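Hello,

Here is the structure I promised to pass on to you. Have a look at it first, and then read my notes below.

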Protein chains: 2
Amino acid sequence: MELNEQLIAALVKKVIDGMAANAADGPDIPIGVSNRHIHLTVEDVHTLFGEGYELTKVKDLRQPGQYACRETVTIIGPSMRPIEGVRVLGPVRRRSQVEISRTDSYQLKVKPPVRESGDLDGSAPITVIGPRGSVTLSEGCIIANRHIHMGLADAARYGVVDGDYVTVDAVGAKRTRWYDVQVRVSADFVLEMHVDTDDANAAGIGNGSFVSIVNE
Amino acid sequence: MELNEQLIAALVKKVIDGMAANAADGPDIPIGVSNRHIHLTVEDVHTLFGEGYELTKVKDLRQPGQYACRETVTIIGPSMRPIEGVRVLGPVRRRSQVEISRTDSYQLKVKPPVRESGDLDGSAPITVIGPRGSVTLSEGCIIANRHIHMGLADAARYGVVDGDYVTVDAVGAKRTRWYDVQVRVSADFVLEMHVDTDDANAAGIGNGSFVSIVNE
């Protein structure tokens with residue numbers, strides 16, 4: 001029995017060490033809540049805001065090079081119940097992309113898939129209204145997946161590589177675990193987890209909250 | 001080493017048996033999504049809809065004795081941006097209670113706590129508008145906690161008693177774990193987990209979905 005007790009002791013120690021390591025890490029990943037927004041091509045900027053129009057940066061976002069613009073659009077779907085004031089994010093992209101929450105999707109009566117940004121093939125159609133014109137995208141409306149941006153050092157620290165999926169615990173007003181959280185690693189990225197307003201509101205967390213990767 | 005291998009084998013078997021038992025249970029708890037709604041006192045019914053007015057049942061809910069009424073109200077808070085069409089649920093109660101999502105709370109600019117139904121002391125104030133009058137509740141607005149109604153047989157099957165808290169996994173479009181889910185046991189209850197629209201939409205589940213209690 002002695003050997004068994006030793007083994008059990010070793011196993012228990014390993015589990016406790018693991019728990020201590022997790023506790024020491026603590027919730028150290030800052031949350032960025034993504035409200036509904038749109039990325040536009042140069043062509044769609046011109047259609048919506050006028051030929052030759054250029055977007056106006058008003059605020060840098062946490063991820064380097066990304067920014068909020070002064071411009072907003074109205075989006076509308078088969079329900080004919082528009083959502084106004086949808087923020088345009090810059091810089092311009094190669095494909096226009098509308099990111100909404102599932103709550104928004106019910107108002108619009110569109111059925112966007114949960115997708116990684118940029119993965120738009122077969123995503124939902126939506127109509128975008130600007131002050132100088134409108135565009136009906138045959139695809140481009142998605143619910144963004146939960147994801148974490150991180151730089152190389154953070155990726156090494158967590159032992160993950162670009163494209164990995166991790167599990168995250170959010171301890172807010174309603175404690176919640178998020179599975180299938182995609183990790184995006186780039187030298188240009190700053191540590192930040194992006195969730196949409198549904199996830200943030202369901203968990204009772206917001207900008208300024210911190211969450212932790214679960215070592216399962 | 002032989003003994004250690006036996007012990008490890010036994011431990012592994014135990015874990016696998018546990019997993020198999022969980023898998024056998026499967027997600028067997030039906031989800032009921034609670035949209036924003038209101039419960040009213042007799043007095044508030046009279047103020048909002050007229051002296052002597054009685055609520056009109058239009059649909060029984062899953063929990064015996066509870067029903068949706070034909071009547072709706074408008075609710076409004078400090079933002080002065082009303083939410084219309086808030087369903088009245090019957091029968092009348094001893095205290096009026098408004099249940100909204102955190103998403104709703106941002107539109108209204110109210111700050112409701114996450115509470116069990118009926119636990120209203122110190123909850124948020126809100127104004128309720130009916131066709132014949134209005135009521136400003138000094139308290140009564142909450143975000144309902146996640147909870148599971150179950151009868152006596154189900155409680156015995158899960159090994160829980162009234163007031164216990166359990167953990168629930170929801171495998172929808174966005175896989176999510178809900179902690180701190182309150183169990184409510186009564187001979188009158190039918191097995192059903194109630195979540196609000198934020199939780200349902202964040203997880204990508206709805207009425208007709210099933211979830212499972214996690215045996216941690």
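**A hairpin and its neighbours**

In chain A, a hairpin of five residues leads from strand β11 to strand β12. Please keep in mind throughout that this is a predicted model.

The two strands of that hairpin, β11(A) at residues 165–170 and β12(A) at residues 176–185, run antiparallel and are paired over five bridges. If you would like a place to start looking, find Val166(A), which faces Val181(A) in β12(A). β11(A) also pairs with β14(A), residues 210–213, again in the antiparallel sense, here over two bridges. In that pairing, Val168(A) has Ile213(A) as its bridge partner. Is β11(A) mostly covered or mostly open? It is mostly covered, with five of its six residues buried.

**How the two chains relate**

Turning chain A by 180°, with a shift of 0.0 Å along the axis, lays it on chain B with an RMSD of 0.0 Å. The two copies are thus related as by a two-fold rotation axis. The copies also meet through the same surface, because 100% of the interface residues of chain A are interface residues in chain B as well.

**Aromatic rings and charges**

How many aromatic pairs does the structure hold over all chains? There are two. Phe49(A) and Tyr53(A) make a stacked pair, at 5.2 Å centre to centre and with 25° between the planes. The rings of Phe49(B) and Tyr53(B) also have their centres 5.2 Å apart and their planes at 25°, so this pair is stacked too; the cut-off for stacking is an angle under 30 degrees.

As for exposure, Phe49(A) is buried at 7% relative accessible area, while Tyr53(A) is partly exposed at 26%. In chain B, Phe49(B) is buried at 7% and Tyr53(B) is partly exposed at 25%.

Two charged side chains in chain A are worth a look as well. Lys57(A) lies over the face of Tyr67(A), 5.0 Å from the ring centre. Arg157(A) has its charged end over the ring of Tyr158(A), at 4.6 Å from the centre.

**A threonine in chain B**

Finally, take a look at Thr127(B), which belongs to strand β8(B), residues 124–129. Thr127(B) counts as buried because its relative accessibility is 19%, and buried means under 20%. Its side chain makes a polar contact of 2.9 Å with the side chain of Thr136(B). Beyond its neighbours within four places in sequence, Thr127(B) also touches other residues, including Thr74(B), Ile76(B) and Val135(B).

Happy exploring, and best wishes!

How values were computed: Residues are numbered from 1 along each chain as its sequence is written. Chains are lettered from A and ligands numbered from 1 in the order in which they are written. This is a predicted model: local features need pLDDT of at least 70, side-chain atom pairs count only at pLDDT 80 or more; totals for chains, interfaces and linings use all residues. Side-chain values use heavy atoms; hydrogens and water are left out. Copies are superposed by least squares on the C-alpha atoms of residues with pLDDT of at least 70 in both. Contact means heavy atoms within 4.5 Å. Helices (H or I, at least four residues) and strands (E, at least two) are DSSP runs, numbered from the N terminus. Buried means under 20% relative accessible area, exposed over 50%, partly exposed in between (1.4 Å probe, protein chains only). A polar contact is a pair of N or O atoms within 3.5 Å; within protein, one must be able to donate a hydrogen and the other to accept it, and residues adjacent in sequence count only if both atoms are side-chain atoms. Two strands pair if DSSP finds at least two bridges between them. Rings of Phe, Tyr and Trp (its six-membered ring) pair if their centres lie within 6.5 Å; planes under 30 degrees apart count as stacked, over 60 as edge-to-face and the rest as tilted. A charge sits over a ring if NZ of Lys or CZ of Arg is within 6 Å of the ring centre and within 35 degrees of the ring normal.
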